[in-house]
Amino acid sequence: MEKSFLKETETNHAFLKIIEANKGIIYKVSRAYCKNEEDRKDLMQEIIIQLWSSLAKYNSQYQLSTWIYRIALNVSITMYRKNITRQNKTSQLTDSIIYFDENLVTEKENEITLLYQFIHQLKVLDKALMLLYLEQKSYKEIAEILDITETNVATKLGRIKQNIKQQFLAHNK
Amino acid sequence: MEDIDFKNLWNNYSSNLDAKLEINFASFKKTNVKKTRLHLYKLLFQRIIEGLLFVIFSALLAIFSINNYTVPQYLISGVILGCFSTIGTIGTFGQIILILRLNYSEPVTIFLVKLEKLKTYSLKTFKLLFLSCPFYFAYIIIGFKAIFNFDIYANSSSSWLLSNLVFSILLIPISIWLYKKLNFDAQSNWIKELIANNGGKQIDSSIKFINEIKEYQKKDSENID
């Protein structure tokens with residue numbers, strides 16, 4: 001009994017360390033798929049719980065970040081594929097597991113908001129692709145996370161980047 | 001804005017982000033883990049209800065066949081419909097296992113196709129119904145016996161029975177053709193309409209999404225400039 005409790009405590013501790021180290025990934029994926037702040041809180045909670053539920057199935061042949069991206073993207077696309085707000089569908093969360101301090105705004109916040117705005121306009125799988133590209137993932141890793149070929153990654157990214165660049169230029173005119 | 005600027009902008013944002021994000025441990029401890037799988041529970045619940053209905057139907061057919069095993073028309077009808085019902089039961093319980101085994105850490109397109117295919121399972125039940133159409137007379141025989149305790153086979157004229165047999169044979173190629181046509185890659189508009197009208201918007205939306213993913217995966221070399 002005591003042994004299993006200790007093991008459980010160790011697992012909880014290890015999991016919280018994983019979340020602490022990768023909270024940025026969870027936040028960025030959630031923000032890419034949810035415009036609404038309340039929905040985002042809901043989504044972040046769903047991702048964290050799904051990470052917790054999948055922990056036992058973690059395959060160490062993959063990088064931890066690859067595993068987190070797959071789960072975060074799968075949960076996000078499953079929940080927000082149709083760009084609907086879920087506020088009326090699930091109970092409102094009083095607290096978010098990941099809290100974002102709005103007071104610490106960076107100087108480039110407007111450009112980031114604009115970039116997110118353009119990402120929101122992309123199709124669900126293109127969003128994932130662009131996000132992984134921005135996150136410095138190699139074409140090989142992106143291909144592994146999405147299960148498409150590297151050639152496909154390169155082709156699609158070229159088109160998406162061109163599209164976003166044009167939107168930035170049009171906005172700055 | 002050049003490509004590299006996107007990345008620089010994002011890097012700068014990412015490096016500052018950690019300082020702005022805090023984990024609320026108290027909220028994490030309060031979280032109900034089961035809540036997250038709500039959308040899967042709904043799917044699971046639908047399949048369990050379907051599975052139970054198939055089990056009940058199969059059991060009733062088995063009882064009917066056993067009780068009437070001396071009357072060939074009842075035994076044959078019961079066995080034919082029992083086969084369809086058993087296929088339905090096995091298929092539905094197979095779906096339940098697949099839902100329970102769904103792994104969120106699989107590659108995105110693989111996971112999404114699996115999930116959406118699970119949502120379209122009702123289409124397979126619908127196809128099974130089509131495949132059983134040539135055996136409609138078995139439903140009539142069992143129905144009359146079960147509801148009116150009347151043997152329609154023994155009390156019908158041979159010409160009426162023959163016309164039903166001919167009609168059943170004619171239905172075989174039509175049923176097989178429809179069975180093959182009702183799939184994710186359906187091209188004809190009326191087939192698409194049939195799927196949408198009988199499976200609801202959910203199936204229609206899932207089929208569209210599966211096709212979108214397949215298209216996304218195959219747009220390889222054809223798009224290279």
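Tutor: Let's start with a term: a salt bridge is a side-chain nitrogen of Lys or Arg within 4 Å of a carboxyl oxygen of Asp or Glu. Keep in mind that this model is predicted.

Student: Why is the pair A:Glu20 and A:Lys23 called a salt bridge?

Tutor: The closest N and O atoms of A:Glu20 and A:Lys23 are 2.8 Å apart, and the cut-off is 4 Å, so the pair qualifies. A:Glu20 and A:Lys23 are three residues apart in helix α1 of chain A, which means about one helical turn separates them. A search over all chains finds ten salt bridges.

Student: How many salt bridges are there between chain B and chain A?

Tutor: Zero. Polar contacts are another matter: 17 residue pairs are in polar contact across that interface, counting pairs with both residues at pLDDT 80 or more.

Student: Which elements of chain B give two or more residues to the side that touches chain A?

Tutor: They are α1 (3-20), β1 (21-23), α2 (25-30), α5 (108-119) and α9 (189-218) of chain B. The most comes from α1(B), with 14 residues. By type, this side of chain B divides into 24 nonpolar, 17 polar and 16 charged residues.

Student: And what makes the strands of the two chains a pair?

Tutor: DSSP has to find at least two bridges. Three bridges join β1 (residues 98-100) of chain A to β1(B), so they pair, and they run antiparallel. Within that pairing, A:Tyr99 has B:Glu22 as its bridge partner.

Student: How do you know how much area is buried between chain B and chain A?

Tutor: Take the accessible area the two chains lose on being put together, summed over both. That comes to about 6100 Å², with carbon and sulfur atoms giving 61%. B:Trp10, B:Lys20 and B:Tyr216 supply 15% of the area that chain B buries there, more than any other three residues.

Student: Why is the aromatic pair A:Phe15 and A:Trp52 called edge-to-face?

Tutor: The planes of A:Phe15 and A:Trp52 are 65 degrees apart, and over 60 counts as edge-to-face, so the label fits. Their centres are 5.0 Å apart, within the 6.5 Å limit. A:Phe15 sits in helix α1 and A:Trp52 in helix α2 of chain A, so the pair ties together parts 37 residues apart in sequence.

Conventions
Residues are numbered from 1 along each chain as its sequence is written. Chains are lettered from A and ligands numbered from 1 in the order in which they are written. This is a predicted model: local features need pLDDT of at least 70, side-chain atom pairs count only at pLDDT 80 or more; totals for chains, interfaces and linings use all residues. Side-chain values use heavy atoms; hydrogens and water are left out. Buried area is the accessible area (1.4 Å probe) that two parts lose on being put together, summed over both. A polar contact is a pair of N or O atoms within 3.5 Å; within protein, one must be able to donate a hydrogen and the other to accept it, and residues adjacent in sequence count only if both atoms are side-chain atoms. Helices (H or I, at least four residues) and strands (E, at least two) are DSSP runs, numbered from the N terminus. Ala, Val, Leu, Ile, Met, Phe, Trp, Tyr, Cys and Pro count as nonpolar, Asp, Glu, Lys and Arg as charged, and the others, Gly among them, as polar. Rings of Phe, Tyr and Trp (its six-membered ring) pair if their centres lie within 6.5 Å; planes under 30 degrees apart count as stacked, over 60 as edge-to-face and the rest as tilted.
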